[in-house]
Amino acid sequence: MALDYGFADSKRTITGDGLLGSVFRIAGPVDLEALYRFEMLCFKDHPFRRDHIAWILGNDRALTLVEDADEALTAVMMLLFEGRTCRVLSVGVVPDARRRGIATRLMQIAEAFSRKRGCATIRLEVSTENLAAIELYRRLGYRTDGVLYGYYSWGEDAYSMEKPVPHALSEAAPEPSAISPYESININR
Ligand SMILES: CC(C)(COP(=O)(O)OP(=O)(O)OC[C@H]1O[C@@H](n2cnc3c(N)ncnc32)[C@H](O)[C@@H]1OP(=O)(O)O)[C@@H](O)C(=O)NCCC(=O)NCCS
């Protein structure tokens with residue numbers, strides 16, 4: 001597996017371990033429209049707003065990984081690093097490419113980034129109705145630590161889920177730099 005963890009350079013690619021033959025790329029502002037189209041295809045009635053996507057793409061502490069196929073994106077994961085916590089803002093795979101392990105692979109990459117950045121925990125919120133995603137996260141070792149009533153803009157509840165980031169004993173966790181209040185905004189659909 002060849003992972004490059006520095007994500008300042010949006011042209012870098014992250015190569016999968018050969019299992020899937022997938023190559024993920026770090027998205028940048030130029031991907032805004034493609035990401036919005038992906039949101040509408042993948043999340044149907046509840047896409048991220050365009051300005052939310054733009055905020056994520058423009059944020060130094062956020063990381064968006066995408067998989068390309070021809071003209072469109074097939075998979076997307078958005079992460080936000082908040083101190084020692086990595087938040088998974090979104091993970092999605094287009095309907096035609098589901099059940100091939102792509103989301104699992106993306107979540108494993110999220111863990112690798114989190115470990116490298118010294119995060120102690122990965123957190124996410126998922127609709128209590130989203131059984132596919134709940135099962136995905138549960139199988140990866142995420143545990144529910146709360147219910148957020150009316151979390152989504154359309155009123156659905158969410159589970160708050162978390163997973164400790166496994167650190168090798170020899171790894172010294174780097175000190176994360178301070179988070180500005182602007183970066184703590186609540187992003188949901
Ligand atoms: C949830 C989602 C990201 C899963 O992506 P994926 O690439 O199909 O997931 P994987 O192939 O890695 O699946 C891993 C495991 O998750 C579980 N899982 C995934 N989809 C499932 C489904 N529809 N029903 C039940 N379990 C499911 C299974 O245990 C699966 O393992 P298996 O295929 O060996 O049975 C995808 O269905 C999706 O994009 N949904 C719409 C967007 C969304 O809801 N995103 C999550 C909230 S932000």
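Q: Which hand does the crossing of helix 1 and helix 2 have, left or right?
A: In this predicted model, the crossing of helix 1 and helix 2 is right-handed, the near helix being turned clockwise from the far one by less than a right angle, where anticlockwise would be left-handed. Helices (H or I, at least four residues) and strands (E, at least two) are DSSP runs numbered from the N terminus.

Q: And at what angle do the axes of helix 1 and helix 2 cross?
A: The axes of helix 1 and helix 2, the latter covering residues 50-57, cross at roughly 130° and come within 10 Å; axes are lines fitted to C-alpha atoms, over the stretch in contact for helices, with angles from 0 to 180 degrees between N-to-C directions. Helix 1 and helix 2 are therefore oblique to each other, given that under 35 degrees is roughly parallel, over 145 roughly antiparallel, 65 to 115 roughly perpendicular and the rest oblique.

Q: How far can I trust the numbering and the local details?
A: Residues are numbered from 1 along each chain as its sequence is written. Local features need pLDDT of at least 70 and side-chain atom pairs pLDDT 80 or more, while totals for chains, interfaces and linings use all residues.

Q: Switching to the ligand, how many residues surround it?
A: The ligand is surrounded by 20 residues, with Arg98, Ala103, Thr104, Ala132 and Leu136 the closest (C-beta, placed from the backbone, within 6 Å). Two or more residues of that shell come from each of helix 1 (32-43), strand 5 (85-93), helix 3 (102-116) and helix 4 (131-139).

Q: Which element gives the most to that shell?
A: Helix 4 does, with five residues.

Q: Now the strands: which way do strand 5 and strand 6 run, parallel or antiparallel?
A: Strand 5 and strand 6 (residues 121-127) run parallel and are joined by four bridges, where pairing needs at least two DSSP bridges. Within this pair, valine 88 has leucine 124 of strand 6 as its bridge partner.

Q: What about strand 6 and strand 8, how many bridges join them?
A: Seven bridges join strand 6 to strand 8 (residues 158-164), and the two run antiparallel. Serine 127 stands opposite alanine 158 of strand 8, while arginine 123 has glutamate 162 as its bridge partner there.

Q: Which residue of strand 8 is opposite arginine 143?
A: Arginine 143 stands opposite glutamate 162, and strand 7 (residues 143-148) pairs with strand 8 in the antiparallel sense over five bridges.
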